[in-house]
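This briefing introduces a structure through its aromatic contacts and its pocket. Please look over the sequence and the model before reading on.

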Amino acid sequence: MDTMRERFAAVTSRLLDEDPRLAVVLAEIGKDGFTDAAHRYPDRVVNVGIREQLLVGVGGGLALTGLRPILHTFASFLVERPFEQVKLDFGHQGVGGVLVSAGGSYDWPSGGFTHMAPGDIGLLDTLDDWTVHVPGHPDEAEALLRRAAAAGDDRVYVRLSVQVNAAPRPVDGAGFRTLRQGRRAVVVAVGPMLDPVLAATEGLDVTVLYATTVRPFDGAGLRAATGAAGTDVVLVEPYLAGTSTRFVNEALEDRPHRVLGLGVGRQELRRYGTLDEHLAAHGLDPRGLRGRIGAFVGV
């Protein structure tokens, strides 16, 4: 199976053939995937070098000319380092584009903390009107990328990862999808957290919702899943723990409820290790999730 990044490069290269409005802006990282496309469209595939603030500034400038820019690099260099440019060159200017990140929270542990971005979604939550997709499989990434590229002038963030689920699920770029139904709690699994959640909740009387589009947050879908009596809600996100808890509280503000936000801890882990070791250290492997979810729902 190809990776999400490989699928992104292949699909976006084809989209450049199909839509003359699209442009790709790179900051060295990922350029090899666009070698052929750059030869075909030298005016619409731009590599600015290792200059991430310029990456976002060029993307915003292209958007002002009427193009639909697609920007790509590691999440830490796409959202965190040039955050002021994201805020001003897209949000303040009122233009749209597609930011496609790689690296996730800690996909490449040996790259160190400079290449980790567990706080990217939280940062974007401080800005207005960003749609955020977190696919859990390359097929889902392709569907969401195509949807984002074809959109009008909205602002979209697509968070790619090397963490993947074994099988894709249908995605529509909108609400949550119900995969299991139960009575004790609702567990929302985001993107690549689905397989660990399904393994961790096997045999538990809980509803499992799958989320690949997390902004806008599907409050209506969550309300429908919890029912009128109110219930416990567990969020399992592949970024900072608790990032989406306020959206749960807003959706259920008129109902008795409890929320447990699981995700990446806020304390920096100062060991490289492996991806699986980082997952276990943050309690995001099936064993860790089973213990924390089970304790919360009382089993």
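In this predicted model, Phe-8 has a relative accessibility of 1% and therefore counts as buried, the limit being under 20%. Phe-34 is likewise buried, with a relative accessible area of 1%. These two residues form an aromatic pair, and the points below begin with that contact before turning to charges over rings and to the largest pocket.

**Aromatic pairs**
- The structure holds six aromatic pairs, and one of them, between Phe-8 and Phe-34, is edge-to-face, with 5.6 Å from centre to centre and 65° between the planes.
- Because Phe-8 belongs to helix H1 (residues 4-18) and Phe-34 to the loop between strand E1 (22-26) and helix H2 (35-40), this pair ties together parts that lie 26 residues apart in sequence.
- Elsewhere, Phe-74, Phe-77 and Trp-108 form one aromatic cluster.

**Charges over rings**
- Phe-74, a member of that cluster, also has the charged end of Arg-5 over its ring, at 5.5 Å from the ring centre.
- Arg-44 lies over the face of Tyr-41, and its distance from the ring centre is 4.4 Å.

**The largest pocket**
- The largest pocket has a volume of about 180 Å³, and of the 13 residues that line it, Asp-125, Leu-127, Asp-129, Trp-130 and Arg-215 are the closest to its centre.
- Strand E5 (130-133) and helix H10 (245-251) are the elements that give two or more residues to this lining, and E5 gives the most, with three residues.
- Sorted by class, the lining of the largest pocket consists of seven nonpolar, one polar and five charged residues.

Definitions and conventions:
Residues are numbered from 1 along each chain as its sequence is written. This is a predicted model: local features need pLDDT of at least 70, side-chain atom pairs count only at pLDDT 80 or more; totals for chains, interfaces and linings use all residues. Side-chain values use heavy atoms; hydrogens and water are left out. On a 1 Å grid over the protein atoms alone, a cavity is a set of points where a 1.4 Å probe fits but cannot get out, and a pocket is an open set with protein on both sides within 12 Å along at least five of seven lines; lining residues have an atom within 4 Å of a point. Grid points are joined across faces, edges and corners, and a volume is the space filled by probe spheres set on the points. Helices (H or I, at least four residues) and strands (E, at least two) are DSSP runs, numbered from the N terminus. Ala, Val, Leu, Ile, Met, Phe, Trp, Tyr, Cys and Pro count as nonpolar, Asp, Glu, Lys and Arg as charged, and the others, Gly among them, as polar. Rings of Phe, Tyr and Trp (its six-membered ring) pair if their centres lie within 6.5 Å; planes under 30 degrees apart count as stacked, over 60 as edge-to-face and the rest as tilted. Buried means under 20% relative accessible area, exposed over 50%, partly exposed in between (1.4 Å probe, protein chains only). A charge sits over a ring if NZ of Lys or CZ of Arg is within 6 Å of the ring centre and within 35 degrees of the ring normal.
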